Amino acid sequence: MIKNFKTSLADYFSLNGYLIPQEEAEQAIREGVSFRGTNLLILVFAILIASLGLNTNSTAVIIGAMLISPLMGPIIGLGLGVGIEDFELLKRSVRNLTIAAAFSVLASTLYFLISPVSEGHSELLARTSPTIYDVLIGFFGGGAGIFAIASKSKGNVIPGVAIATALMPPLCTVGYGLATWQMNYFFGALYLFLINSIYIGVATFIGVKLMHFARIQTAVAERARRMRRLVYTVALLTLLPSVYLTYNMLRQERFEMNASRFVADEFHFPATQVLSHSATMSRGDRTVSVTLIGKILPQDSLELAMSAKLHFYGLQGTKLRIIQGEGASMASAEALQGHSVKEIYEMAQNSLIQKQETIDSLRQMLRGHNERDSISARIAPELKVIFPQLAEIAVTKAVFGNIANGALDTATVALVNYSRPMSAASQAELARYLEARLRVKSVRLVTVPASTAK
């Protein structure tokens, strides 16, 4: 049964009857290697179209340029040359690919020198940080390409490979980097182009071997072995930086995910909310910045409390930066750029509600102060009848500190002076009257000289 399954599976992947003769496939590839006349003009027009697409950040225009570009020809030819040990074809492919890349970079550099673009758009920036995923795209794209060329039913594979491997945009970005003298664009995009070219060639070489293409008659075994070792070495050296860049990318994504989880779980306050947050890594230093709006919280104690929870989210060693107050106002314009109109409206409404609550609270406090300031004048007529010995009175609130233990106590204090002496019993009665009249638990009487009161 297992044997039957293996036989059925082998039949599904068998290439017998699906491939054109080797001579036809070779002829199609060799014709695409040459870059002269119309091929070179088409390449220049394609690179200018791709540059316009990057300039205007138009994905549709960039895809169109990929479909027009004839760059796949010499790259496939390079892999075929190594596979069938045709070193003349290999040299011609390398030479034509170098010429094509040079003309492409020159055309895009001249375009961006006269273009009004002043900064890289998202499509441009996406071409400057290649990873292991770009290696796999180039490899699988090259594999699909060589099998499509050798297949009797080609379908739409070649245009799809041209779009997936994206050979044109990196060359445009190289030109942009030269024109604006930004070497991070130049080297990043050049590395991406090399990844695509080399791994399309490697996939073509492997495909040729799997399809059992015959070697040319003049092949030299020793020379072929040296060439294969060179191909493997170049492929490995090209792969290593992308592995490192992928590792850094995954670290950054994990850090950002942990930071988002930390902010979402821990930053919950009744009258304060998170406006935005960011997680950055620079030269080994990690920082999480959180911008708060609403009621201002005690900065030191807040940072201390939140920093103690960082290790629960895999963020140990991370610096926490909390922005609120004036700093939050300065950061709000930039932070709001990533939000929809509905989100911005909701944030504004919440902020207005919180501010109104603060205003109402301050108004209530102000009314209390005004009432205490005017209470003496309002009860003066009553005091004049009930306690005629009383000359002046001022009612206020005071905070008493215990010298021994440092405890604080808020009390209502009445500063009084008398027109004539007043007995202790009368003073106690005055205190009880003030407690009832002011609706407080206790009132402390403090006698002051008439000269001090005045």
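Accessible areas here come from the Shrake-Rupley method with a 1.4 Å probe. By that yardstick, the accessible surface of the chain comes to about 26,500 Å², and 61% of it belongs to carbon and sulfur atoms. Keep in mind as you look around that this is a predicted model.

**The overall picture**

Let's start with the basics. The chain has 17 helices and six strands. Of its 454 residues, 39% are buried. If you take the contacts in the chain with a separation of 6 or more, 73% of them join residues 24 or more positions apart.

**Two nonpolar cores**

In soluble globular proteins, nonpolar side chains tend to be buried together. Here the largest nonpolar core has 43 residues, and Leu71 and Phe213 are the ones that touch the most other members. Plenty of helices chip in: those that give two or more residues to this core are H2 (22–33), H3 (38–56), H4 (59–68), H5 (72–83), H6 (87–114), H8 (132–150), H10 (168–180) and H11 (183–210).

Leu71 is a handy place to zoom in. Leaving aside residues up to four places away in sequence, Leu71 touches Phe35, Leu43, Leu97, Ala100, Leu167, Met168, Leu171 and Phe193. There is also a second, separate core of 17 residues, which includes Phe267, Leu297, Leu302 and Ile322.

**The sheet of E1, E2 and E3**

Now for the strands. Strands of a sheet pair through backbone hydrogen bonds, either parallel or antiparallel. One open sheet has three strands in the order E1-E2-E3, with mixed pairing. Its edge strands are E1 (272–282) and E3 (319–323), and each of them pairs on one side only. From one strand to the next, the twist averages 20°.

E1 and E2 (residues 285–294) pair in the antiparallel sense over 10 bridges. If you want to spot one of those partnerships, look for Ser282, whose bridge partner in E2 is Asp285. Two helices pack on this sheet. Helix H12 (residues 221–266) touches E1, E2 and E3, and its direction makes about 160° with that of E1. Helix H13 (residues 299–307) touches E2 and E3, with its direction at about 140° to that of E3.

The turn is worth a look too. The hairpin of E1 and E2 has two residues between the strands, and Arg283 takes a positive phi near 55° there.

**The sheet of E4, E5 and E6**

Further along the chain, another open sheet of three strands runs in the order E4-E5-E6, again with mixed pairing. E4 (390–401) and E6 (443–447) each have a single partner strand, so one side of each is left without a neighbour in the sheet. The twist in this sheet averages 30° from one strand to the next.

E4 and E5 (residues 408–418) pair in the antiparallel sense over 11 bridges. Within that pairing, Glu392 has Asn417 in E5 as its bridge partner. Helix H16 (residues 424–438) packs on the sheet and touches E4, E5 and E6; its direction makes about 135° with that of E6.

**Aromatic rings**

Time for the rings. With ring centres within 6.5 Å as the cut-off for a pair, the count comes to 10 aromatic pairs. Two of them are set out here.

| Pair | Geometry | Centre to centre | Angle between planes |
|---|---|---|---|
| Phe186 and Phe187 | edge-to-face | 5.0 Å | 85° |
| Phe267 and Phe269 | edge-to-face | 6.1 Å | 90° |

Why does Phe186 count as buried? Its relative accessibility is 17%, and buried means under 20%. Its partner Phe187 is exposed, because its relative accessible area is 52% and exposed means over 50%.

In the other pair, Phe267 counts as buried because its relative accessibility is 5%. Phe269 has a relative accessible area of 21%, so it is partly exposed. Phe267 turned up earlier as well, as one of the residues in the second core.

Finally, which residues form one aromatic cluster? They are Tyr111, Phe112, Tyr176 and Tyr185.

Definitions and conventions:
Residues are numbered from 1 along each chain as its sequence is written. This is a predicted model: local features need pLDDT of at least 70, side-chain atom pairs count only at pLDDT 80 or more; totals for chains, interfaces and linings use all residues. Side-chain values use heavy atoms; hydrogens and water are left out. Rings of Phe, Tyr and Trp (its six-membered ring) pair if their centres lie within 6.5 Å; planes under 30 degrees apart count as stacked, over 60 as edge-to-face and the rest as tilted. Buried means under 20% relative accessible area, exposed over 50%, partly exposed in between (1.4 Å probe, protein chains only). A nonpolar core is a set of buried Ala, Val, Leu, Ile, Met, Phe, Trp, Tyr and Cys residues joined through side-chain atoms within 4.5 Å. Helices (H or I, at least four residues) and strands (E, at least two) are DSSP runs, numbered from the N terminus. Contact means heavy atoms within 4.5 Å. Two strands pair if DSSP finds at least two bridges between them. Axes are lines fitted to C-alpha atoms, for helices over the stretch in contact, and angles run from 0 to 180 degrees between N-to-C directions.
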